[in-house]
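Visitor: I am new to this structure and should be grateful for a close look at a single part of it. Please take one helix and explain how it sits among its surroundings.

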Amino acid sequence: MTHPESDAPGRPAERAPDERPGGCADPAVGLLLTISEAVVLAVLLIWLGLRGLGRSHAPVGSGAPSASGSGAETDRVPTIAFGVLALVVVALATVLLRDRWYWAGGIQVLVAVALCTLTLTSVSRADVDAPPAPAPAWNSPPCRSGGDSEECARSGG
């Protein structure tokens with residue numbers, strides 16, 4: 001006996017709850033996406049490495065801030081690049097999980113967690129790699145005991 005609602009014209013046939021789209025292609029899609037994201041990440045790391053080499057060897061008067069020059073700003077490009085890649089992977093994982101591609105979506109969630117960790121690490125490394133502020137220069141007070149004492153010899157006065 002069939003249900004009259006499912007036989008009505010224009011209504012889509014309902015899937016059984018255990019039937020998933022993709023079947024055995026689900027883990028394969030997850031693996032393929034992970035490999036393609038690893039390739040994109042490798043290209044991104046090579047580009048950032050070459051960019052860093054170019055910044056460290058830039059002449060001081062060229063307008064491009066060098067990593068060793070005074071007044072060098074914190075480079076936020078790696079953080080932005082890793083963050084954008086992480087957002088793309090999070091969006092892809094959301095779409096896959098909503099469409100019930102559980103293996104592929106789960107793998108993408110793991111990749112997204114790793115990329116978010118990499119992004120947060122690049123934020124903390126950018127703060128660590130920033131040059132320290134110069135120490136304030138101040139003149140020490142003159143020696144109180146005169147010019148020939150040991151106190152004046154130690155203080156430089």
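Guide: A word on angles comes first: each axis is a line fitted to C-alpha atoms, for helices over the stretch in contact, and the angle between two axes runs from 0 to 180 degrees between their N-to-C directions. The model is a predicted one, and the part chosen here is helix H2, residues 77-98.

Consider the length of the helix to begin with. H2 has 22 residues, and at 1.5 Å a residue these should span 32 Å; the C-alpha atoms at its ends are 32 Å apart, so the two values agree. Helix H1 passes the same check, because its 32 residues should span 46 Å and its end C-alpha atoms are 46 Å apart.

How do these two helices lie against each other? The axes of H1 and H2 come within 11 Å and cross at roughly 170°. Angles over 145 degrees count as roughly antiparallel, and H1 and H2 are therefore roughly antiparallel to each other. On the H1 side, the contact includes Leu-33, Val-40, Leu-44, Trp-47 and Leu-48, while H2 contributes residues including Val-77, Pro-78, Ala-81, Phe-82, Leu-85 and Leu-96. By class, this contact has 15 nonpolar residues, no polar residues and two charged ones. Leu-44 offers a detailed view: beyond its neighbours up to four places away in sequence, Leu-44 touches Ala-81, Phe-82 and Leu-85.

The buried residues of H2 are Thr-79, Ala-81, Phe-82, Gly-83, Leu-85, Ala-86, Val-89, Ala-93 and Leu-96. In H1, the buried residues are Asp-26, Gly-30, Glu-37, Leu-44, Leu-48 and Arg-55. In soluble globular proteins, nonpolar side chains tend to be buried together. The largest nonpolar core here has 10 residues in all: Leu-44, Leu-48, Ala-81, Phe-82, Leu-85, Ala-86, Val-89, Val-111, Ala-112 and Leu-115. H1, H2 and H3 each supply at least two residues of this core, and its largest share, five residues, comes from H2.

The other partner, helix H3 (residues 102-129), can be followed through three of its residues. Val-109 belongs to helix H3 and touches Ala-93 and Leu-97, residues up to four places away in sequence not being counted. Val-109 and Thr-94 are 15 residues apart in sequence, and their C-alpha atoms are 8.4 Å apart in space. With a relative accessible area of 34%, Val-109 is partly exposed.

Thr-117 is also placed in helix H3. Its C-alpha atom is separated by 9.5 Å from that of Phe-82, although the two residues are 35 apart along the chain. Thr-117 counts as partly exposed because its relative accessibility is 46%.

Ser-122, likewise in helix H3, is in contact with Pro-78, Thr-79 and Phe-82, leaving aside its neighbours within four places in sequence. Is Ser-122 buried or exposed? Its relative accessible area is 13%, and Ser-122 is therefore buried, since buried means under 20%.

Finally, the chain leaves the helix by way of the loop between H2 and H3, where Arg-100 is found. Most residues other than glycine have a negative phi. Arg-100, just after H2, takes a positive phi of about 65°. At 23% relative accessibility, Arg-100 counts as partly exposed.

Notes. Residues are numbered from 1 along each chain as its sequence is written. This is a predicted model: local features need pLDDT of at least 70, side-chain atom pairs count only at pLDDT 80 or more; totals for chains, interfaces and linings use all residues. Side-chain values use heavy atoms; hydrogens and water are left out. Helices (H or I, at least four residues) and strands (E, at least two) are DSSP runs, numbered from the N terminus. Buried means under 20% relative accessible area, exposed over 50%, partly exposed in between (1.4 Å probe, protein chains only). Contact means heavy atoms within 4.5 Å. The expected span of a helix is 1.5 Å times one less than its number of residues. A nonpolar core is a set of buried Ala, Val, Leu, Ile, Met, Phe, Trp, Tyr and Cys residues joined through side-chain atoms within 4.5 Å. Angles under 35 degrees count as roughly parallel, over 145 as roughly antiparallel, 65 to 115 as roughly perpendicular and the rest as oblique. Ala, Val, Leu, Ile, Met, Phe, Trp, Tyr, Cys and Pro count as nonpolar, Asp, Glu, Lys and Arg as charged, and the others, Gly among them, as polar.
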